[in-house]
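Trainee: I am new to this structure and would be grateful for a close look at a single part of it. Could you please take me through the salt bridges, with the setting that a newcomer needs?

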Amino acid sequence: MLQGFGQQIRQARKEKGYSQRDLARLVDLDFTYLSKLENDRADYPPKEDAIRKLAEHLELDAEELVFLAGRIPERDEEFLRQNYKAMPALFRRMQENPEFAQKVFNEATQQDEQEK
């Protein structure tokens, strides 16, 4: 079953044995905000550095967590700015054609696996 950002954080936190207060202190977040994140009630996603700290302490993939939170990694922002005109068409085509989207995802993940 696919999990959202908050569900992944909550599950990993519990598996590590952290209380919300303990984890919030480790990553410099207010524990009430962490609670809202875990319950998908936060008004905005955390900043990228906070997401990376969460990933580090919870042993989660930081890149995946950044995207799952709805953020674009800072290192990818320049690429998006350089290709901003193509992005809406690419996303629209992927949404309208799931086979095309799957092909793009498969090629991207295969390249990642080869680079590891």
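Mentor: What follows begins with the chain as a whole and then turns to its salt bridges.

The model is a predicted one. Its protein chain holds 8 helices and 0 strands, so the order of elements from the N terminus reads α-α-α-α-α-α-α-α, where helices are DSSP runs of at least four residues. Along the principal axes, the C-alpha atoms occupy a box of roughly 45 × 30 × 25 Å. Of the 116 residues in the chain, 27% are buried. The exposed surface of the protein chain comes to about 8600 Å², and 48% of that surface is supplied by carbon and sulfur atoms. Among contacts between residues at least 6 apart in sequence, 48% join residues at least 24 apart.

Now to the charges. The protein chain carries 19 positive and 24 negative side chains, and the centres of these two sets lie 5 Å apart. Side chains of opposite charge can pair when their charged atoms come close. Counting as a salt bridge any side-chain nitrogen of Lys or Arg within 4 Å of a carboxyl oxygen of Asp or Glu, one arrives at 9 salt bridges.

One of them joins Glu-38 and Arg-13, with 2.6 Å from N to O. This pair links distant parts of the chain, for Glu-38 belongs to helix α3 (residues 31–38) and Arg-13 to helix α1 (residues 5–16), 25 residues apart. Are the two partners buried or exposed? Glu-38 has a relative accessible area of 1% and is therefore buried, since buried means under 20%. Arg-13, at 8% relative accessibility, likewise counts as buried.

Arg-13 merits a further word on its surroundings. Leaving aside residues up to four places away in sequence, Arg-13 touches Tyr-18, Ser-19, Gln-20, Leu-23, Glu-38 and Leu-58. Its salt-bridge partner Glu-38 is thus one of the residues in that list.

A second salt bridge is formed by the side chains of Lys-16 and Glu-59, at 2.8 Å from N to O. Lys-16 lies in helix α1, whereas Glu-59 sits in the loop between α4 (48–58) and α5 (62–68), so this pair ties together parts that are 43 residues apart in sequence. Lys-16 has a relative accessibility of 35% and counts as partly exposed, while Glu-59, at 62%, counts as exposed.

A further pair lies within one helix. The side chains of Asp-22 and Arg-25 meet in a salt bridge of 2.8 Å, N to O. Both residues lie in helix α2 (residues 20–26), and because they are 3 residues apart there, about one helical turn separates them. Asp-22 is partly exposed at 32% relative accessibility, and Arg-25 is exposed, with a relative accessible area of 57%.

Which residues are linked in a network of salt bridges? Such a network links Glu-48, Arg-52, Glu-63, Arg-75 and Asp-76.

To draw the three pairs together: Glu-38 and Arg-13 connect helix α3 with helix α1, Lys-16 and Glu-59 connect helix α1 with the loop between α4 and α5, and Asp-22 and Arg-25 pair inside helix α2.

Technical notes
Residues numbered from 1 in each chain as written. Predicted model: local features only at pLDDT ≥ 70, side-chain atom pairs only at ≥ 80, totals over all residues. Heavy atoms only, no water. Helix = DSSP H or I, 4+ residues; strand = E, 2+ residues; numbered from the N terminus. Buried < 20%, exposed > 50% of the residue type's maximum accessible area, 1.4 Å probe, protein only. Contact = heavy atoms within 4.5 Å. Areas by Shrake-Rupley, 256 points an atom, 1.4 Å probe, with all protein chains shown as cover. Lys, Arg positive; Asp, Glu negative; His and termini not counted. Charge placed at Lys NZ, Arg CZ, Asp CG, Glu CD.
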